[in-house]
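Good morning, and thank you for coming. I would like to walk through one structure with you, with attention to charged side chains and strand pairing.

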Amino acid sequence: MSDRIILETRDLTCRFYGKKALLSRERPFVTAVDGVSLSIRDGETLGLVGESGCGKSTLGKAILRLIEPTAGQVLFEGRDMAAASAEELRALRRELQVVFQDPYSSLNPRMTAFELVEAPLEVHRIGTKAERAARVAEMLRMVGIDEGSLHKFPHEFSGGQRQRIGIARALILGPRFIICDEAVSALDVSVRAQILNLLRSLQRQMGLTMLFISHDLSVIRHISDRVAVMYLGSIVELAPKAELYAHPLHPYTRGLLSAIPIPDVHRVRLDEIPEGEIPDSYHQPAGCKYHNRCPLAQDVCRRERPALREACDGHFVACHLAREKSSE
Amino acid sequence: MKKRDESYFAVVRQKLFSHKAAVVGMALLILEVILVVILPPLMKLDPITSDYGAVNAVPGGAHLLGTDAIGRDIFARLVFGGRTSLLVGLLSTLISCALGVPLGVAAGYCRGRVETAVMRAADIFMSFPSIVMILVLVSVLGPSVWSVTLVIGVLGWTQFARLIYASVLSVMQEEYIASARAVGTRTLGTILRYVLPNAVAPILIALTLHLAEAILTESSLSFLGLGVQPPQASWGNMLHDAQSLTVLSRRPWIWLPPGIAILATVLSINFLGDGLRDALDPKQM
């Protein structure tokens, strides 16, 4: 891993507009991703964790422009994805790929495993038919699909095998950056570990940079180098894995971490688990988005929205009270 | 490609062939098509020339199914009428499909303004009483096989558009569409390879329903005298002759054959449609 930045988002924002109510002038909107600025270093795995509905999948899709961002930039090696033309974007897609969450819905049921993995090569007109066939077979072998299954359809595979095909499809173009959008959430726990290990070994072999999106803190801990915590469309904390899990600064992160079940009856840590629900997405609270659930909230939290700042070396946090906590 | 036939379509085919009514319907239709194609040259049938020596002749003898009021051979007219009716039905169904499917796919894929324009247009088309609309258009264009085909075909696009639109909308929610875009598939490729193959099943069923309906519409129009014009035969204009009470009560051989032909054809097509619906139903796979 180097310190070179391979992908960077600047104030990336995604809004979804609802239907205008009768007689109302404004269209209501949800800000799913709210001015996110992230840098991902070449070769690292950045874990992105957050509750359901916090915007982490939207962020991933907006980076790839599977959802059009409302504002902001996505710089891949200095080239702005968000402003790329259709043809530039197609070329960039060779470098940035995605593994989807649901292996039952992300593979076209009318295509065989072979066709699914060959399609990206065909689209980009890479190689002759024979070269493609060899490459596809090799890729499928690397993800652990045996040669006899090449011409089977998705419904003939198990969930784990399907996800392997999804991974092969994402990696066949030789991308340098992949987003794993809840890539193991739909799998059984036993299969989950296999797929995670497969991703890790492929990452080493191919020198991949990964953005790994998950709601599962244990999975994130297993695979990430650095971890970003997202809440209501914003990054609230970002730190190297060990640092984040050992010294969480944001009250929300502490809440999340204390919710990890620990098999020890004497350890009770339930006091920090956030209370209440995520606020209604149409009416986000003023000030810090977390203030209405935060046990430490003070006046300043209700007035001003905290910016993401570096609390200590490489550890960023968006909380007014974090400095006091860390210096304790 | 080979393998694809062996799995999905093999299952569909197998289920279709185990559906008895569908098999009977299919067999009848195939038989009918073969008959109307090969019989005329084989038997030297003449549906137009009158045999003045045998007007209103009862079935049997020189005229297998008898003759009509001006001495034309009923059997010959039945066969040629079948040609006309099946041709009008098939062509108009193809026209409807060729217009409706692209429009419906565009509406479902592009959403936004395209969607509004296409679907509102379909709503407007569907709120016209169709038979009146067809009558007016046919009388403007002048009744003939081609005008009837064209009018039935053009006005029928709404069913196909709505069906494929609904189907495309649900397919677009699937993650494999996002996956197609993520690997850089162009719009046309996405539609042809990812959207359509997963959205066409309802269209196959609609094709059969529409074919039956088009045959019925053509018959109704010809019955009213606005469809296929004599001396050319169609099942509908053969029934036209039965508008007189004497024919209806005394000479059933004039109107029974085309009536039965229409009934059998439409029923066969509907059976086939039923079979297709069951065979394509993914829940029964």
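**Charge pairs and strands**

Let us begin in helix 4 of chain A, residues 129–142, where Glu138(A) and Arg141(A) are both found, three residues apart, or about one turn of the helix. Please keep in mind that this is a predicted model. The side chains of Glu138(A) and Arg141(A) form a salt bridge, with an N to O distance of 3.2 Å. As for their surroundings, Glu138(A) is partly exposed at 37% relative accessibility, while Arg141(A) is exposed at 52%.

That pair is local to one helix. How many salt bridges does a search of the whole structure find over all chains? The count is 23.

One of them joins Glu95(A) to Arg176(A), whose closest N and O atoms are 3.1 Å apart. Glu95(A) sits in the loop between helix 2 (86–92) and strand 6 (96–99) of chain A, and Arg176(A) in the loop between helix 5 (159–171) and strand 7 (177–181) of chain A, so this contact ties together parts that are 81 residues apart in sequence. Both ends are partly exposed: Glu95(A) has 23% relative accessibility, and Arg176(A) has a relative accessible area of 28%.

In chain B, I would point to Arg111(B) and Glu115(B), whose side chains meet in a salt bridge at 3.1 Å, N to O. Here Arg111(B) is partly exposed, with 39% relative accessibility, whereas Glu115(B) is buried, with 14%. Returning to chain A, salt bridges with shared partners link Arg4(A), Asp42(A), Glu77(A), Glu95(A) and Arg176(A) into one network.

I turn now to the strands. In which order do the four strands of the open sheet in chain A lie? The order is 2-1-4-5, and the pairing is antiparallel. Strand 2 and strand 5 (79–80) of chain A are the edge strands, each pairing on one side only. Within the sheet, strand 1 of chain A is joined by five bridges to strand 4 (residues 71–76) of chain A, and these two run antiparallel. Arg10(A) stands opposite Gln73(A), a residue of strand 4 of chain A.

Finally, the surface. Lys19(A), Lys20(A), Arg25(A) and Arg27(A) form a positive patch there. Of these residues, Lys20(A) lies in the loop between strand 1 (5–17) and strand 2 (29–41) of chain A. That loop therefore links two strands of the sheet just described, whose order is 2-1-4-5.

Methods: Residues numbered from 1 in each chain as written. Chains lettered and ligands numbered in written order. Predicted model: local features only at pLDDT ≥ 70, side-chain atom pairs only at ≥ 80, totals over all residues. Heavy atoms only, no water. Patch = residues over 30% accessible without salt bridge, like charges linked within 9 Å, V, L, I, M, F, W, Y side chains within 5 Å. Areas by Shrake-Rupley, 256 points an atom, 1.4 Å probe, with all protein chains shown as cover. Salt bridge = Lys/Arg side-chain N within 4 Å of Asp/Glu carboxyl O. Lys, Arg positive; Asp, Glu negative; His and termini not counted. Charge placed at Lys NZ, Arg CZ, Asp CG, Glu CD. Buried < 20%, exposed > 50% of the residue type's maximum accessible area, 1.4 Å probe, protein only. Pairing = 2+ DSSP bridges.
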